[in-house]
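Hi,

Here is the structure I promised to pass on. Have a look at it first, and then read my notes below.

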Amino acid sequence: MEIRQYQLTLPAAPRGFHLVTRQVVAAIPDLADVRAGLLNVFIQHTSASISINENADPDVPVDLEMAFNKIAPESWPYVHTCEGPDDMPAHIKASLLGNTLTIPVSSGQLCLGTWQGIYLCEHRDHATSRRLVLTLQGEWD
């Protein structure tokens, strides 16, 4: 069993849910050589998150953004406001979705379902680039 680690910096994105599956796969040059393993995807931020969801219908990320804005609205009387009105709601959304994914790998491919993709969930209005740590554990050919 071997472990390899990679870094991926995603460019700044507007608030919303953005498919990043291709960028994640492209950042792992030796993924194709893995017979069986696990990929851990970790986002190093507290106001963005990472998630797996449907990648086929473009209405899904729109509806996800709408729902999360209802769950954690900017209009609540938050105490933590020093970084702007979108910051505390961003922390709540990130806590709900999480900062880590674990994805099985088989025969050099991520074992995502037919309609699944990896999303960067950007919860800030004016975000910076986002860093992912990709840790691949597996058996190589």
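Let me start with a single residue: D30 counts as buried because its relative accessibility is 13% (buried means under 20% relative accessible area, exposed over 50% and partly exposed in between, with a 1.4 Å probe and protein chains only). Its salt-bridge partner is R4, with the closest N and O atoms 2.1 Å apart (a salt bridge here is a side-chain nitrogen of Lys or Arg within 4 Å of a carboxyl oxygen of Asp or Glu). R4 sits in strand 1 and D30 in the loop between helix 1 (21-26) and strand 3, so this pair ties together parts that are 26 residues apart in sequence. Helices (H or I, at least four residues) and strands (E, at least two) are DSSP runs, numbered from the N terminus. R4 itself counts as partly exposed, at 25% relative accessibility.

Before you go further, some housekeeping. This is a predicted model: local features need pLDDT of at least 70 and side-chain atom pairs count only at pLDDT 80 or more, while totals for chains, interfaces and linings use all residues. Residues are numbered from 1 along each chain as its sequence is written, and side-chain values use heavy atoms, with hydrogens and water left out.

Back to the charges. Searching the whole structure turns up 11 salt bridges. R15 is worth a click, as it takes part in a salt bridge with E74, closest N and O atoms 2.4 Å apart. That pair links distant parts of the chain, 59 residues apart: E74 is in the loop between helix 2 (59-71) and helix 3 (87-97), and R15 in the loop between strand 1 and strand 2 (16-19). R15 also forms a salt bridge with D125, at 2.7 Å between the closest N and O atoms. Here the two residues are 110 apart, with D125 in the loop between strand 7 (116-122) and strand 8 (130-140). Through shared partners, R15, E65, E74 and D125 join into one network. As for accessibility, R15 is partly exposed at 22%, E74 is partly exposed at 31%, and D125 is partly exposed at 35%.

Now the sheet. It is open, made of 5 strands in the order 1-8-3-5-6, with antiparallel pairing (two strands pair if DSSP finds at least two bridges between them). Strand 1 (2-10) and strand 6 (109-110) are the edges, each pairing on one side only. Strand 3 (residues 34-43) runs antiparallel to strand 5 (residues 100-106) over 7 bridges. For a spot check, look at L38: its bridge partner in strand 5 is P104.

Cheers
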